[in-house]
Amino acid sequence: PTSILPQVGVDVDHFAARQVRRDTPVMYIGRPVIEKGLGVLGAAWPSAVVLPWTPYSKLPWFMSRASIVVCPSIDTESWEEQAMPYVAAEAIACGAHVIASDAGSIPFWAERFAGINPGIRLVPQGNSAALKQAIKDRLDMQGDSVFGGAAVVEAGRKWVVENLSSPVIARRLYQCLAKL
């Protein structure tokens, strides 16, 4: 049998919504490299906030200010998104909604959020028009209880706690190794 596990779990005590105003409509959090899709994001939504390097201790504060966190990765000749985008899971744990590309293994991980947090949406990688439309659609729906309702935010966080938290991943890793 094969088990697929994230490299590490999400620290859900650290990544929790802070009591701040969601005053940043669209935010990118990550390395400023080509394969993370910053060019696509810039073409789609030039006013997106690209968070500069930020200490780990402060990330939840910024994630809690974002309405949407965008993960627009693209596969390149020398790189393909292999792991779950931790930024997406951490942002969801902080109450933000996520738009991610379908690069690499992102669809595999995004399926585990589907139906629980309708705030996560996949778009074709490298397609700035599709990304722009997805951002516009989400921002237009902000007043809708499906997009911004407390139940959606709680369901997304609950999913992260139950499936990706550090204790859960550690237990699953132990179970996998015990079978060897």
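**Exercise 1.** Which residues does Ile29 touch, not counting residues up to four places away in sequence?

*Solution.* The model is predicted. Take contact as heavy atoms within 4.5 Å. With residues up to four places away in sequence set aside, Ile29 touches Leu51, Leu59, Met63, Val69 and Val87.

**Exercise 2.** Place Ile29 in the largest nonpolar core, and state which helices and strands supply at least two residues of this core.

*Solution.* Step one: the largest nonpolar core has 32 residues. Ile29 is among the members that touch the most other members, together with Val10, Val98, Val160 and Leu164. Step two: the helices that each supply at least two residues of this core are H2 (59-63), H3, H4 (106-110) and H7 (150-164), and the strands are E3 and E4 (97-101). Step three: H3 gives the largest share of this core, 7 residues. Step four: another core, of 17 residues, lies apart from it, and its members include Tyr28, Val40, Ile74 and Ile99.

**Exercise 3.** Describe the largest pocket by its volume, its lining and the elements that supply the lining.

*Solution.* Step one: the largest pocket holds about 510 Å³ of space. Step two: 23 residues line this pocket, and the closest to its centre are Tyr28, Ile29, Gly30, Arg31 and Val87. Step three: sorted by class, the lining has 16 nonpolar, 4 charged and 3 polar residues. Step four: strand E3 (66-71) and helix H3 (86-93) each supply at least two lining residues. The largest share of the lining, 3 residues, comes from H3.

**Exercise 4.** Which element gives the largest share of both the largest nonpolar core and the lining of the largest pocket?

*Solution.* For the core, the element is H3, with 7 residues. For the lining, H3 supplies 3 residues. The answer is H3.

How values were computed. Residues numbered from 1 in each chain as written. Predicted model: local features only at pLDDT ≥ 70, side-chain atom pairs only at ≥ 80, totals over all residues. Heavy atoms only, no water. 1 Å grid on protein atoms, 1.4 Å probe; cavity = no way out; pocket = protein on both sides within 12 Å on 5 of 7 lines; lining within 4 Å. Points joined across faces, edges and corners; volume = space filled by probe spheres on them. Helix = DSSP H or I, 4+ residues; strand = E, 2+ residues; numbered from the N terminus. Nonpolar A, V, L, I, M, F, W, Y, C, P; charged D, E, K, R; others polar. Core = buried A, V, L, I, M, F, W, Y, C linked by side-chain atoms within 4.5 Å. Buried < 20%, exposed > 50% of the residue type's maximum accessible area, 1.4 Å probe, protein only.
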